[in-house]
Amino acid sequence: MQRSNTKACRGGLAVLALLAAGAAQAHPGHGTESFVDGLAHPFSGFDHLLAMLAVGLWSAAALPAGRRLAGPVVFLAMLLVGAALPQFGVQLPGVEVGVALSVVALGALMIAARSTTLQLPIPAGLALVGLAALLHGMAHGAELRASHSFAGYAVGFMTASALLHGAGLAAGSWLQAGRGWAWRTAAGLMGLSGLVLLAGRL
């Protein structure tokens, strides 16, 4: 059992390593017109994909068993708010830089989740998750063409985001049963990916 868990952890870390290597290619430029476009959007940018996974991973490690959905729920709610803002003409400068910084911050949040000295109070962690979601939502919303429906696109990216949160929760629970080095490595790769993204946007 321990051997299979170790292999599984290594497989998960390999996936994260590949994501880190490709992180600089986030937001390749794609149209957004429908549910299908919204569904694909979080998977086509490494910044979004990593953030969704990180929220699930952090929730599995930092939140009590009965409250682990709080992280994804906060993220999804603020993601929708952020995506709606550009539809009302609200847009902040430097959103793409903020999105990259959010991946770094979520990686740090993952590291802190397993530290007795660095761990943030749950409300503070959820506030950081919500802020990250607002930035990601604004990035989603800014790419919607004016002539297309927000509703179908929003349902698509919310569905994809929820699926990625679920994958993060599952992977986080899995890593909790493994060695501490596996969690630290996954968190470090998450933060490193964010730094690669940030370097490409400055």
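## Exercises on a predicted model

Helix H7 spans residues 150-176 and holds Val 155. Helices here are DSSP runs (H or I, at least four residues), numbered from the N terminus. The model is predicted, so local features need pLDDT of at least 70 and side-chain atom pairs count only at pLDDT 80 or more, while totals for chains, interfaces and linings use all residues. Residues are numbered from 1 along each chain as its sequence is written, and side-chain values use heavy atoms, with hydrogens and water left out.

### Exercise 1. Confidence

Task: find which element of the chain has the lowest mean pLDDT and which the highest.

Solution. Start with the whole chain. Its average pLDDT (the predictor's confidence in each residue, from 0 to 100) is 81, and 81% of the residues score at least 70. Next, go by element. Helix H1 (residues 2-21) has the lowest mean, 43. Helix H4 (residues 70-84) has the highest, 95. Over residues 1-32 the pLDDT is below 50, yet this stretch has 57 contacts (heavy atoms within 4.5 Å) beyond near neighbours in sequence. Where pLDDT is low, predicted coordinates should not be read in detail.

### Exercise 2. Salt bridges

Task: trace the network of salt bridges that links Asp 47, Glu 96 and Arg 201.

Solution. Apply the rule: a side-chain nitrogen of Lys or Arg within 4 Å of a carboxyl oxygen of Asp or Glu. The count is two. Take Asp 47 first. Its side chain meets that of Arg 201 at 2.8 Å, N to O. Arg 201 sits in helix H8 (residues 180-201) and Asp 47 in helix H3 (residues 46-62), 154 residues apart. Now take Glu 96. Its closest N to O distance to Arg 201 is 3.2 Å. Glu 96 lies in helix H5 (residues 95-113) and Arg 201 in helix H8, so this bridge ties together parts 105 residues apart in sequence.

Finish with accessibility. Buried means under 20% relative accessible area, exposed over 50%, partly exposed in between (1.4 Å probe, protein chains only). Asp 47 is buried at 0%. Arg 201 is partly exposed at 22%. Glu 96 is partly exposed at 29%.

### Exercise 3. Aromatic rings

Task: work out how the rings of Tyr 153 and Phe 157 are arranged.

Solution. Rings of Phe, Tyr and Trp (its six-membered ring) pair if their centres lie within 6.5 Å; planes under 30 degrees apart are stacked, over 60 edge-to-face and the rest tilted. One pair results. The ring centres of Tyr 153 and Phe 157 are 5.2 Å apart and the planes stand at 75°, so the pair is edge-to-face. Both residues lie in helix H7, four residues apart, which means about one helical turn between them. Tyr 153 and Phe 157 are buried.

### Exercise 4. Arg 114

Task: place Arg 114 in the chain and list what is in contact with it, leaving aside neighbours within four places in sequence.

Solution. First, the location. Arg 114 is in the loop between H5 and helix H6 (122-142). Second, exposure. Arg 114 is partly exposed, at 37% relative accessibility. Third, the contacts. They are Leu 175, Gln 176, Gly 180 and Trp 183. Last, a backbone check. The C-alpha atoms of Arg 114 and Ala 62 are 7.6 Å apart, with their positions 52 residues apart along the chain.

Conventions
Helices (H or I, at least four residues) and strands (E, at least two) are DSSP runs, numbered from the N terminus.
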